[in-house]
Amino acid sequence: MCGIVGILGKGAAAPRIVEALKRLEYRGYDSAGVATLWHGELHRVRAEGKLRNLEAKLAAHPLEGEIGIGHTRWATHGKPTETNAHPHASDRLAVVHNGIIENFRTLRDELIAKGYRFATETDTEIAAFLVTDELAQGKTPAEAVHATLGRLRGAFALVFLFKGEDNLLIGARQGAPLAVGQGEGEMFLGSDALALAPFTDRIAYLEEGDWVIATRESVEFRDAGNNVVTRRFIKSPAGGLLAEKGNYRHFMAKEIHEQPEVIGHTISHYVDLSAQRLKPFDWPCDPMSLNRISIVACGTASMAGLIGKYWIERFARLPVEVDVASEYRYREPPIDKGGLTIFVSQSGETADTLASMRYVREHGGRTIAVVNVPTSSIARLADVVAPTLAGPEIGVASTKAFTCQLVAMAVLALALGRARGVLSEAEEGARVAELVATPGLLAEVLKLEPAVEKIAQTLAQARDVLYLGRGAAYPLALEGALKLKELSYIHAEGYAAGELKHGPIALIDSAMPVIVLGPRDPVFEKTISNMQEVAARGGRIVLIGDAHAAEEAAVAIESFLAMPDMAPTFAPIVYAAPVQMLAYHTAVIMGKDADQPRNLAKSVTVE
Ligand code: G6P
């Protein structure tokens, strides 16, 4: 998946395209490119690697022209080389593409048979040639694009720029987002409102299957059936300023440190702080009628779902199943009519999560989206949005959005318990008080950073790392392992501490750090036993627990991180911070790019 932008403007387009691409780098950053039209001719500059490489090339060879398109790539088809970088072009047009054209092989063979010569390994080039072929038959650009769209299968967003057409861009959306921004005598297309925020805050979103014919003065939306349709322009809340790192070396570090504040905001969205009670929640279905709940998400968001399962089962006494969206969507799971599925997503654009939500809706299920981007596709499709107020998250590995997701899951669990009459008012008050304490506790934990950094020095030497936890700390162990893997490229696994003896114990030796997440909860003693099993086999234990945890464990511990005393209920919200800091510092010590780890992207809009 990738970020795309198109500008029909006044003044040089290329620098503005680069500005927009900077805001889209979260969607991919393995190569980038720009194409503009100058005196009716197409000109392109593309570069392998991060956007700064493209910037350097453009500085050396500026592109003229007031209309253009740009792209930042996360490779799907073809290596991230300059040749495979977008925009792709024929002698008649250039195109940028986000997504996957699934039937590209058949179409490619057909075009090769017609004499088209492919310069790249991408699926995108077929879109360029198909439209070119339609143009060659005398169609107008709009007719040619429309005819082509009917032949493409998959999930994609496209923007076309045509030779000799100084006042025309054509865009299309099928399964991947595309927004139109309207300026003063200017028009913009982009993957999201954030990309267009420097130019305009008047945004309209293409609906599924829409395509759009844009000029500087006008925009015509057409639906999949080619009917002219109205798509409303709204004032977008996306801020004009690109988030800054402040005094931090990386966005990730800044975002870790923002957590006390943003989880505080999220809590106050759901909680009446003076009364220490939950604010009313608008359920999309009758909570009393539910027999179970499903939670669907990807990556770190799915870890928030797993932790939510512990809380919902405990407070609402409802069975919960949690699934990763890429499995859920193709499993054809039975949906209870009027039943509830909660979707968790930072970006609100993750392709598998979005497709799973569509599946549930088509089968009569009701949906709640726990989502950080209020204008996203998932937020717009859900019956009810439960927002996380993390603010823009730039670091590719999710941190503050994750802890805000945990807050939302905690609130949903408590609210469901109340709505179903299984959680007393007194218990609601007690649990809300514990939740309200988490921002302060998190702020305290962030002060442990120097101690975390020391532990990271040893992790940076490791080849494999094991994370153990029980109860709600088990999914946090999974998240810890995921964070370390994605940032430092060290192999790591998260395991339920009690499951250790059924396999992973065989891995334990004096080389492998075992990180134990041991908040003082009702299963803490059991976790101690598991730690003893590790120690008995000469394992290297890193314990994260409260001040007395190391003493009580009575085993040799290599490193100990003393966490503040706290009620165990929502401990994962607080214990998330050392887990994140460990991964961050290990990556930094190893010289890895903590904000943009290799091969990853923040928003995964392909399946
Ligand atoms: C990518 C990101 C993760 C994120 C996941 C789900 O893999 O690198 O940090 O958790 O996508 O993204 P979402 O936007 O749906 O939360």
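Me: Where does His39 sit in the fold?
Reply: His39 is in the loop that links strand S2 (31–38) to strand S3 (41–48). Bear in mind that this is a predicted model.

Me: What makes the phi of His39 worth a look?
Reply: The sign. Phi is near 50° there, which is positive, and His39 isn't a glycine. Most residues other than glycine have a negative phi, and most peptide bonds are trans.

Me: Which kind of peptide bond joins His86 to Pro87, cis or trans?
Reply: That one is cis, with omega near -5°. As for Pro87, look in the loop between strand S4 (67–73) and strand S5 (88–89).

Me: On to the ligand. What makes a residue part of the shell around the ligand, and how many are there?
Reply: A residue gets in if one of its heavy atoms lies within 4 Å of the ligand. That gives 13 residues, with Thr300, Ser345, Gln346, Ser347 and Thr350 the closest. Sorted by type, the shell has 5 nonpolar, 7 polar and 1 charged.

Me: Why does the pair between Ser347 and the ligand count as a polar contact?
Reply: The cut-off for a pair of N or O atoms is 3.5 Å. A polar side-chain atom of Ser347 is 2.6 Å from a ligand oxygen, so the pair is within that limit. Thr300 passes too, using a polar backbone atom 3.0 Å from an oxygen of the ligand. Ser398 also makes the cut, with a backbone N or O atom 3.4 Å from a ligand oxygen. Overall, the protein covers 91% of the 380 Å² of accessible area the ligand has on its own.

Me: Which helix gives the most to that shell?
Reply: Helix H9 (residues 299–316), with 3 residues.

Me: Why are H9 and H13 called roughly parallel?
Reply: Check the angle: H9 and helix H13 (residues 400–419) cross at roughly 25°, and their axes come within 8 Å. Angles under 35 degrees count as roughly parallel, so this pair earns the label. Their crossing is right-handed.

Me: And why is H4 called oblique to H5?
Reply: Helix H4 (residues 124–136) packs on helix H5 (residues 141–149) at about 130°, with the axes 8 Å apart. Roughly perpendicular stops at 115 degrees and roughly antiparallel needs over 145, so H4 is oblique to H5. The crossing of H4 and H5 is right-handed.

Conventions. Residues numbered from 1 in each chain as written. Predicted model: local features only at pLDDT ≥ 70, side-chain atom pairs only at ≥ 80, totals over all residues. Heavy atoms only, no water. Polar contact = N/O pair within 3.5 Å; in protein donor to acceptor, adjacent residues only side chain to side chain. Areas by Shrake-Rupley, 256 points an atom, 1.4 Å probe, with all protein chains shown as cover. Helix = DSSP H or I, 4+ residues; strand = E, 2+ residues; numbered from the N terminus. Nonpolar A, V, L, I, M, F, W, Y, C, P; charged D, E, K, R; others polar. Axes fitted to C-alpha atoms, helices over the stretch in contact; angles between N-to-C directions. Parallel < 35°, antiparallel > 145°, perpendicular 65-115°, else oblique. Left-handed = near helix turned anticlockwise from the far one by under 90°.
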